[in-house]
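Biologist: Please put the model on the screen. I will then ask what stands behind each label.

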Amino acid sequence: EAAAAAARTRILPSHCGPPVVPPANMCFPCLFTISTAEVGVIEAFGKYSRLSQPGLGFICCPYEQLVGRLSFRVQQLDVRVETKTADNVFITAVVSVQYQILRERVFEAFYSLSNPTRQITAHVYDVIRSELPTLELDAVFEAKEDLALAVKKSLSETMSRYGYQILQTLITDLDPDQRVKNAMNEINSSKRLKFAIAERAEGDKILQVKRAEAEAEAKYLTGVGVAKQRKAIVDGLRSSVVDFNEGVEGTSSKDVMDLLLLTQYFDCIRDVGIESHCKTTFVPSSRSTGDDVRNALLTAGAAK
C-alpha cells in the first residue's frame, strides 16, 4: 500500500509547490478473459505482480497491466538445417521440435528469453551441424533416431532452465541435392539390374540342366524301347523261320529271310504310299543305278 501511495504521488519541482497525490477514485477495474490452457502475466508499475488463471479477470487501471499471455498447449517448431556429410554431400535436414511451457516455471518462461524459438533454432543448428559432418550420406539415413535423440538431449538440458519442456524431436526429412539423389537411384537400379540378370541366368541354367536330364532320360527310355523292339523282332523272325522250315520242305533259312525282308520292304512302300504328306522317293540300289535313273528320266520326258 505504501508503494502504491508513493507511486500515486507525483513529485514536482520545488518551485511548483507541495507534491500532488492523485485521488484514489482514479483507480478503476479493467476486465479481461484468459482462455483455457493459457495464463496471463500481470505487472504493477512495470514489476511482476501475479498470474491470471483461465476465466474472467481484472486489473486495477492504470496501475496494473496485462503484459502477456502464455499457452500451455504443445507447440511445434520446424527447423531447416543445411550442412554437409563426411563424404562432402550437402544435405538439408528438417527437424521438428515439440515443446511445452512448464506450469510451475511460467515466470522463467516469460522473463528469461526474449525469443524462445530463436534459442531452440540455434541449439538445433549447433547439434545437427556437429553430428552430420561425422557421418557419410548412407549412414545419415540410418542414424535418424540417434540424431533426434542428440537434439532432444541438448535442448532438454538447456531449455528446462528457462521453463520449457522438450517433449519430442523428430527428423522429418533428409533431402540431399537432386543430382545426388539421381546418382543414388542409378546405383540402386544398376544393383537391382545386376541381381536380376544373375537370377535370370541361374534360372536359364536350371532350365537347361533339367532339359538335358529330361532328354537323357528320354533317350535312355527310347533305347530301352528300341532294344526290346529289336529283341521282339528277332524272336519273331526266329519263330517264323523255324515254322516256315517245318512247313515247307526244301527251303533254307536264307530263303526264308529273303522272303521276310521282301515282305517288310513291300509293307514299308505301302505305308509310305498311303500317306498324303509323304515326299520320299525310293531309288533302287544296284551297280547300274545311275543308268536306270537316267533312263527313267528320259522315258518320263519322252512321255510328256
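Modeller: A facing pair is a place to start: Val-41 stands opposite Leu-51 in strand β3. This is a predicted model, in which local features need pLDDT of at least 70 and side-chain atom pairs count only at pLDDT 80 or more, while totals for chains, interfaces and linings use all residues. Residues are numbered from 1 along each chain as its sequence is written, and side-chain values use heavy atoms, with hydrogens and water left out.

Biologist: What makes β2 and β3 a pair of strands?

Modeller: Strands are DSSP runs of E with at least two residues, and helices are runs of H or I with at least four, both numbered from the N terminus. Two strands pair if DSSP finds at least two bridges between them. Five bridges join β2 to β3, so the condition for pairing is met. The two strands run antiparallel. Their hairpin has two residues between the strands, and Phe-45 takes a positive phi near 60° there.

Biologist: How many bridges support the pairing of β2 with β5?

Modeller: Seven bridges link β2 (residues 38–44) and β5, in the antiparallel sense. In β5, Gly-68 is the bridge partner of Val-41, and Gln-65 stands opposite Glu-43.

Biologist: Why are β3 and β5 called edge strands?

Modeller: The open sheet has three strands in the order β3-β2-β5, with antiparallel pairing. β3 (47–52) and β5 (64–71) each pair on one side only, and that makes them the edges. Neighbouring strands of this sheet are turned by 30° against each other on average, direction ignored. The axes behind such angles are lines fitted to C-alpha atoms, for helices over the stretch in contact, and angles run from 0 to 180 degrees between N-to-C directions.

Biologist: How do you know that β2 is mostly covered?

Modeller: Six of its seven residues are buried. Buried means under 20% relative accessible area, exposed means over 50%, and partly exposed lies in between (1.4 Å probe, protein chains only).

Biologist: Which of those classes does Tyr-48 in β3 fall into, and why?

Modeller: The relative accessibility of Tyr-48 is 31%, so the residue counts as partly exposed. Tyr-48 also belongs to a nonpolar surface patch with Val-67, Phe-107 and Tyr-111, and together they have about 320 Å² of accessible area. Patches take residues with over 30% relative accessible area and no salt bridge; like charges are joined within 9 Å, nonpolar side chains (Val, Leu, Ile, Met, Phe, Trp, Tyr) within 5 Å. A salt bridge puts a side-chain nitrogen of Lys or Arg within 4 Å of a carboxyl oxygen of Asp or Glu.

Biologist: What is the strand order in the sheet that contains β7?

Modeller: This open sheet of three strands has the order β6-β7-β8, again with antiparallel pairing. β6 and β8 are the edge strands, each pairing on one side only. On average, neighbouring strands here are turned by 20° against each other, direction ignored. Helix α3 (residues 116–131) packs on the sheet and touches β6, β7 and β8, its direction making about 35° with that of β6. Helix α5 (residues 144–159) packs on the sheet too, touching β7 and β8, and its direction makes about 145° with that of β8.

Biologist: How many bridges join β7 to β6, and how many join β7 to β8?

Modeller: Ten bridges connect β6 (residues 75–84) with β7, and eleven connect β7 with β8 (residues 164–176). Val-79 stands opposite Val-95 in β7, while Leu-174 in β8 is the bridge partner of Ala-93. The hairpin of β6 and β7 has five residues between the strands, with Asn-88 at a positive phi near 60°.

Biologist: Why is β7 described as largely enclosed?

Modeller: Nine of the twelve residues of β7 (residues 90–101) are buried, so the rest of the structure largely encloses this strand.

Biologist: What makes Thr-83, a residue of β6, buried?

Modeller: Thr-83 has a relative accessible area of 9% and is therefore buried. Leaving aside residues up to four places away in sequence, Thr-83 touches Val-89, Phe-90, Ile-91, Ile-128, Arg-129, Leu-132 and Pro-133. Contact means heavy atoms within 4.5 Å.

Biologist: What share of the whole protein chain is buried?

Modeller: Of its 304 residues, 20% are buried. The chain has eight helices and eight strands.

Conventions: Accessible areas come from the Shrake-Rupley method with a 1.4 Å probe; for residues, only the protein chains shown count as cover.
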